[in-house]
There are 2 protein chains.
Amino acid sequence: MTDLKRIELKKLFDRSSDFIGNEVVVKGWVRSVRKSKKFSFIVLNDGSSQDLLQIVADADIENYEALSTMLTGTCVSITGKVVESQGKNQTIEMQAVTGEIIGAVDESYPLQKKGTSLEHLRDIAHLRVRTNLFGAVFRVRHALAMATHNFFNEKGFFYLNSPIITAVDGEGAGEMFNVSTLDKQNPAKNDKGEVDFTKDYFGKDVSLCVTGQLEGECHALGLGKVYTFGPTFRSENSNTKRHLAEFWMIEPEVAFADLDDVADLAADYIKYMIDYAFTNCRKELEFLYKMPFTDVDASHFETLAAVRDGEFKKITYTEAIDILNASGQKFEFPTNWGDELQTEHEKYLTDVHFKSPVTVTDYPKTCKAFYMKQNDDGKTVRAMDVLVPGIGELIGGSQREEDLDKLTKRMDEMGMEKEGYWWYLELRKFGSAPHSGFGLGFERAIMYITGMSNIRDVIAFPRTPGNCDF
Amino acid sequence: MTDLKRIELKKLFDRSSDFIGNEVVVKGWVRSVRKSKKFSFIVLNDGSSQDLLQIVADADIENYEALSTMLTGTCVSITGKVVESQGKNQTIEMQAVTGEIIGAVDESYPLQKKGTSLEHLRDIAHLRVRTNLFGAVFRVRHALAMATHNFFNEKGFFYLNSPIITAVDGEGAGEMFNVSTLDKQNPAKNDKGEVDFTKDYFGKDVSLCVTGQLEGECHALGLGKVYTFGPTFRSENSNTKRHLAEFWMIEPEVAFADLDDVADLAADYIKYMIDYAFTNCRKELEFLYKMPFTDVDASHFETLAAVRDGEFKKITYTEAIDILNASGQKFEFPTNWGDELQTEHEKYLTDVHFKSPVTVTDYPKTCKAFYMKQNDDGKTVRAMDVLVPGIGELIGGSQREEDLDKLTKRMDEMGMEKEGYWWYLELRKFGSAPHSGFGLGFERAIMYITGMSNIRDVIAFPRTPGNCDF
């Protein structure tokens with residue numbers, strides 16, 4: 001029977017009626033074995049889907065002793081006949097004919113049947129993907145990445161791989177990792193005794209990107225509509241459930257678009273992701289929304305469906321401040337005009353006041369980066385943040401300042417060194433055009449749709465202060 | 001007329017018959033203006049496609065003087081009537097009604113009509129995307145990225161974002177960039193006077209990844225089939241047409257697959273990319289194959305079609321050495337059994353001997369990385385390189401050593417420090433399975449399909465020794 005082709009569980013369950021009565025081979029990892037005298041139940045998963053295959057092994061099959069005593073985590077190949085299930089939650093099960101252990105485990109295997117904490121699972125991120133929970137999370141992550149590429153491709157955007165190693169600070173906020181090939185213990189020095197970056201690989205001091213936006217603007221002003229989808233880095237020392245040192249961002253940039261255009265684009269994109277996940281990851285979401293690990297329950301389907309089908313609320317920062325001040329709530333941080341909106345404020349707007357995503361626009365220029373288009377009031381910029389319930393800021397965007405004089409003046413006001421930005425400024429000198437864009441934190445979008453409450457649990461190998469294993 | 005919706009040129013040309021006789025708005029950048037007394041010809045591109053729209057502006061239209069004297073690179077909005085073209089190479093053209101300059105340029109604009117060298121264009125990578133050549137390249141790049149995601153998604157693979165910052169050397173070759181947040185001039189030191197990495201952001205010495213394979217193996221042994229598509233880094237001091245310090249790789253990893261399975265997968269993937277580019281980028285490829293900048297001419301369509309429709313040749317390393325030694329060619333580098341295959345050898349196999357892509361398998365273990373499955377001969381490993389004409393190595397892959405003892409013995413032989421790899425080794429301890437994968441250098445694939453001859457011209461902002469602008 002070794003020439004029988006292996007069937008993945010996704011295919012087996014998706015087209016179960018095609019297989020009933022047939023003998024097939026399945027390969028995967030044992031979730032559990034329940035042994036009795038006359039037969040055993042083996043539960044198998046192969047990662048292709050959320051489905052678990054129940055396999056009945058009668059005591060008279062070859063190799064029964066080995067198969068019936070397999071430990072959780074054993075890798076196994078089983079040949080058997082697909083039959084309709086007697087149980088109520090399964091459509092099909094398998095009657096084993098023969099089986100073979102591919103890779104054994106011993107008692108030290110850390111993923112035993114009884115629940116393990118998410119904290120502990122982070123320490124074994126190389127294995128946690130074998131659990132039902134993380135299998136679901138990473139299949140949803142994949143689906144949302146596909147949704148992203150499909151969405152932008154269908155709209156005529158071109159994918160840009162913006163550079164990772166960079167000599168400029170795209171946000172002007174200074175929270176960057178240094179990159180170097182100089183000798184770590186004895187770097188080359190100049191006559192003044194300073195590290196000599198002219199001897200470094202790139203001949204200068206370079207860092208990891210915090211954004212691909214500036215390069216996105218270059219390409220948008222040639223190709224019209226582009227988007228990045230790549231890793232970005234922040235070296236701030238944040239140990240929160242919402243921050244990573246290394247995270248993935250999607251940054252569309254659109255020539256001839258104003259802030260309203262990209263606010264609509266952002267809403268369409270979020271709706272598209274929700275719809276794609278509903279269509280492609282129904283079993284995963286059903287599983288996740290049942291889990292105690294997530295912040296949500298089955299009602300999250302309706303919550304997201306309402307977002308998919310509804311209008312996004314849109315208010316200005318000034319209106320947001322008025323709502324907060326009229327709320328009667330006591331906030332830890334001040335809410336005077338000009339103050340940053342803190343997480344508690346954002347949460348009030350989304351979770352309490354509107355009970356839906358909210359797009360806040362036209363922030364004070366002092367709260368935002370140098371490149372945003374300045375409003376005529378001299379105080380605010382054409383910025384937007386899209387805030388969603390439970391997560392806070394999911395998207396930050398703006399119309400970009402396309403006027404060379406206004407932009408350089410703002411950089412001067414902020415005390416920025418303009419030299420490294422010569423190329424960025426030239427975009428405003430040669431055939432400038434209005435353009436706008438935004439950045440979506442991919443992990444936050446995954447948290448929002450899966451209901452997972454810690455950002456470290458929606459990226460395969462999280463990087464946070466003090467954590468760089470695997 | 002300002003309420004007329006703007007039409008992108010791609011849509012205008014793809015559905016030209018829908019628009020003939022209608023008045024529309026186009027926005028883009030001027031490629032050229034030819035002025036005469038009674039009328040002018042304006043040629044416009046907006047980046048959405050390879051198409052150039054010829055616009056006829058009669059001297060009696062409003063704003064004629066400004067429009068007819070626009071310099072190359074001016075950003076403009078023109079409203080006009082779509083008419084059938086009189087010229088033979090165009091289906092449609094536009095009769096201008098009114099126009100408005102959005103962003104002017106002056107004489108210092110570096111992209112003038114007459115040809116500029118590729119070297120010079122690299123120095124203005126923020127603008128080169130506005131040329132017909134680089135517009136074509138980056139639209140093809142986008143298409144090949146979409147092809148990649150579609151191909152793997154259709155086959156049931158899950159996209160993995162493997163980590164960029166890492167504490168392990170995935171190839172064991174030591175060509176890594178250091179990443180740190182320690183003070184550059186005065187890093188924290190321990191009592192021995194050494195740099196104290198416990199004070200660094202991650203509490204240890206970390207680098208940029210050279211591969212996502214090791215983490216890909218973790219996820220393949222849980223989800224079954226995964227692929228990465230992300231940036232990877234090599235700090236080797238290579239100034240060649242085929243090397244970048246920062247490049248993008250696609251690395252599928254498949255549980256229960258052997259080398260033959262992933263060799264087939266690699267061939268299918270290359271064929272899929274060719275077919276996708278033919279279907280989605282016909283105009284771009286036609287343009288590129290005509291350009292003097294590319295290594296190819298229109299016959300490249302037939303060359304690639306033959307690859308798409310044919311079988312990939314497959315030989316062992318030992319057979320490759322025999323072919324080279326029987327060739328009568330004089331090579332610069334030796335071709336004794338055990339020697340590395342150099343570019344000249346690879347080129348002989350693909351360009352002269354086979355005149356097609358060739359998959360070479362079963363290399364001497366001394367030529368390859370520690371993780372490859374050891375053959376019973378004790379000398380070779382289950383490695384493969386896919387070599388293609390004009391490019392050389394496009395793909396490198398292998399079956400992975402799934403036996404813990406053999407793997408640790410090999411790491412010891414190679415003098416590797418095993419400590420940081422504890423998690424990688426545990427994959428062989430807990431439910432191990434045969435598995436295989438490969439890495440495709442994305443930029444090399446783009447070179448192969450576009451015919452571009454320098455890798456710096458197929459990535460938006462190339463990073464090479466001494467070059468980290470933009």
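**A sheet shared by two chains**

Visitor: In what order do the six strands of the open sheet stand?
Guide: In this predicted model, local features need pLDDT of at least 70, side-chain atom pairs count only at pLDDT 80 or more, and totals for chains, interfaces and linings use all residues. Residues are numbered from 1 along each chain as its sequence is written, and chains are lettered from A in the order in which they are written. Strands (E, at least two residues) are DSSP runs numbered from the N terminus, as are helices (H or I, at least four), and two strands pair if DSSP finds at least two bridges between them. The pairing is antiparallel, and the order is E7(A)-E9(A)-E8(A)-E8(B)-E9(B)-E7(B).

Visitor: Which strands stand at the edges?
Guide: Each edge strand has a single partner strand, so one side of each is left without a neighbour in the sheet. They are E7 (165-166) of chain A and E7 (165-166) of chain B.

Visitor: Which residue stands opposite B:Asn178 in E9(B)?
Guide: Strands E8 (residues 178-180) and E9 (residues 206-208) of chain B run antiparallel, joined by two bridges. Opposite B:Asn178 stands B:Ser207.

Visitor: Which residue of chain A comes closest to the rotation axis?
Guide: With copies superposed by least squares on the C-alpha atoms of residues with pLDDT of at least 70 in both, a turn of 180 degrees and a shift of 0.0 Å along the axis lay chain A on chain B with an RMSD of 0.0 Å. That is the relation of a two-fold axis. At 2.4 Å (C-alpha), the residue of chain A closest to this axis is A:Val179.

Key:
Heavy atoms only, no water.
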